[in-house]
Amino acid sequence: MKLVTYLKDGRETLGALHGDKVLALAAAAQVIGTGVLPQTMLELITGGKSALGIAKKTLAAAGADSRVAALWTPLAGTRLRAPLPNMRKNVFCVGRNYKAHIEEGARAHGREVMFPKVPEFFSKPPTAIIGNDDAIRLDARHTQQLDYEVELAIVIGTQCRDLTIEGALDAVFGYTIVNDVSARDAQRAHGQWFKGKAFDTFCPIGPCIVTADEFGDPSGHRLSTRVNGAIRQDSNTSDMLFDCTHILTSLSAGVTLEPGDVIATGTPSGVALGMTPQQWLKDGDVVEAEVEGIGVLRNRVGAVT
């Protein structure tokens, strides 16, 4: 099931994406009589299997029920928000998690290639989050080296800590896409990842959350980035150094994860940093981050004047 947060009559609404249409889930459930559904994505996730089951029954029944015809909205022209638009916590991120990306980063910095022995974590603040078709801010006062990073992201479905290898994926509600936008010069100047990746608008998320049962095994999904239609990144999640299971067990060791937490799992090679010459994002560029089984997260770069 593909779930979105979208604007309907000026209000953020929980929806189910089905083909080229979006269904207002809570209103449809009430009309059809499948049960009571919440109005927000976080409340749906927190509602667990029961709430998700009602959502699935509602979507299955809606196609043949003329009473909900007015609750379908064409996807074209619909404003999608970030699936979890008002997050209270930072987005967890994994650095250096694809071998070829580690190698290109080492070359760009003139360093010896060294692979991490454990996942390397940092975070991005809620103020960085934007949705599909929102603008990525390019402020020349703060960066001249704006970069992109397509990433598969995990959405946590239940409160958990100290997950085991065997049970780690049971804690997952679904998957989405994160573009880990980065100011490489700020990242280098501060000597760590947070600052250069924490600017406002530097965390596009979306366009939807795909439930774990529909997405399947997170290994083996193609992911890519296009800038103005030209492919920059093209890889597969099977090339992760640490797979989703190991990321979850490592992050949750002594750390409580909660419903709606988002974990970006790292990016493959092909970033601007690793190119010769380096092709940084510029005003007007259109960035499309795609993950097989989820869709395309599209954002335009806009210079701040």
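**Entry 1: Asp139**

I began with Asp139, whose place is in the loop between S8 and strand S9 (146-147), and I kept in mind throughout that the model is a predicted one. I asked whether Asp139 is buried or exposed. With a relative accessible area of 7%, Asp139 is buried, because that value falls under the 20% cut-off. I then looked up Asn236 as well, and found that Asp139 and Asn236 are 97 residues apart in sequence and 32 Å apart in space, taken from C-alpha to C-alpha.

**Entry 2: the sheet that holds S8**

Next I turned to the sheet, which is open, has five strands in the order S8-S18-S17-S14-S15, and shows mixed pairing. Which strands stand at its edges? They are strand S8 (135-138) and strand S15 (230-236), each of which has a single partner strand, so one side of each is left without a neighbour in the sheet. From one strand to the next, I noted a twist that averages 20°.

Inside this sheet I followed one pair, strand S14 (residues 222-227) and strand S17 (residues 286-291), which run antiparallel and are joined by five bridges. In that pair, Ser224 stands opposite Glu290 in S17.

**Entry 3: Asn97 and helix H4**

I moved on to Asn97, which I found in the loop between strand S5 (91-95) and helix H4 (99-109). Asn97 is buried, since its relative accessible area is 0%. What does Asn97 touch, leaving out residues up to four places away in sequence? I listed Ile102, Asp239, Met240, Leu241, Phe242, Ile247, Thr265 and Gly266. For Phe242 I also noted a distance, as its backbone nitrogen lies 2.8 Å from a polar atom of the side chain of Asn97.

Ile102, one of the residues that Asn97 touches, is itself buried in H4, as are His101, Glu104, Gly105 and Ala106. After H4 comes Gly110, and its phi is positive, near 65°.

**Entry 4: helix H3**

Last, I checked the length of helix H3 (residues 48-62), whose 15 residues should span 21 Å at 1.5 Å a residue, and the end C-alpha atoms are indeed 21 Å apart, which agrees. I then asked which residues of H3 are buried, and wrote down Ala51, Leu52, Ile54, Ala55, Thr58, Leu59 and Ala62. These buried residues cover an arc of only 155° around the axis, and therefore they lie on the same side of H3. On the face turned away from that buried side, I found the exposed residues Lys49, Ser50, Lys57 and Ala60.

Key:
Residues are numbered from 1 along each chain as its sequence is written. This is a predicted model: local features need pLDDT of at least 70, side-chain atom pairs count only at pLDDT 80 or more; totals for chains, interfaces and linings use all residues. Side-chain values use heavy atoms; hydrogens and water are left out. Helices (H or I, at least four residues) and strands (E, at least two) are DSSP runs, numbered from the N terminus. Buried means under 20% relative accessible area, exposed over 50%, partly exposed in between (1.4 Å probe, protein chains only). A polar contact is a pair of N or O atoms within 3.5 Å; within protein, one must be able to donate a hydrogen and the other to accept it, and residues adjacent in sequence count only if both atoms are side-chain atoms. Contact means heavy atoms within 4.5 Å. Two strands pair if DSSP finds at least two bridges between them. Axes are lines fitted to C-alpha atoms, for helices over the stretch in contact, and angles run from 0 to 180 degrees between N-to-C directions. The expected span of a helix is 1.5 Å times one less than its number of residues. The arc is that of the directions from the helix axis to the C-beta atoms.
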